[in-house]
Amino acid sequence: LQEVVWMQEEPQNMGAWNYVAPKLRELIDPAISLTYVGRDESASPAEGLNSAHTFEQARILKAAAQGAPVPATR
């Protein structure tokens, strides 16, 4: 295991991230990266425009799928 990615659709301050992140950090090795992928903090749970929502959804999925670079092995 090289990386743990938490992906959520809600803004960072509305989903489970703030609850789960400290618990995950206790469980995983400190050398393993823990990354949040999702919307930035916001007072609103939605983007407001369908085009903005579609853009954000695509960005979130792409960021989560990319993952951390795999280190070279010798």
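Does Arg-39 count as buried or exposed, and at what relative accessibility?

**View 1. Arg-39 and its partner His-53.** At 3% relative accessibility, Arg-39 counts as buried (under 20% relative accessible area, with exposed over 50% and partly exposed in between; 1.4 Å probe, protein chains only). Strand β2 is home to Arg-39; strands (E, at least two residues) and helices (H or I, at least four) are DSSP runs, numbered from the N terminus. Its side chain makes a polar contact with the side chain of His-53, at 3.1 Å (N or O atoms within 3.5 Å, one able to donate a hydrogen and the other to accept it; residues adjacent in sequence count only if both atoms are side-chain atoms).This is a predicted model, where local features need pLDDT of at least 70 and side-chain atom pairs count only at pLDDT 80 or more, while totals for chains, interfaces and linings use all residues. Residues are numbered from 1 along each chain as its sequence is written, and side-chain values use heavy atoms, leaving out hydrogens and water.

**View 2. The largest nonpolar core.** Here nine residues come together: Val-4, Trp-17, Val-20, Ala-21, Leu-24, Ile-28, Ile-32, Leu-34 and Tyr-36 (a core joins buried Ala, Val, Leu, Ile, Met, Phe, Trp, Tyr and Cys residues through side-chain atoms within 4.5 Å). Both α1 (17-27) and β2 (33-39) supply at least two residues of this core, and α1 gives the largest share, four residues.

**View 3. A tilted aromatic pair.** The structure holds one such pair (ring centres within 6.5 Å, using the six-membered ring of Trp; planes under 30 degrees apart are stacked, over 60 edge-to-face, the rest tilted). The rings of Trp-17 and Tyr-36 have centres 5.3 Å apart and planes at 50°, so the pair is tilted. Trp-17 lies in helix α1 and Tyr-36 in strand β2, so the pair ties together parts 19 residues apart in sequence.
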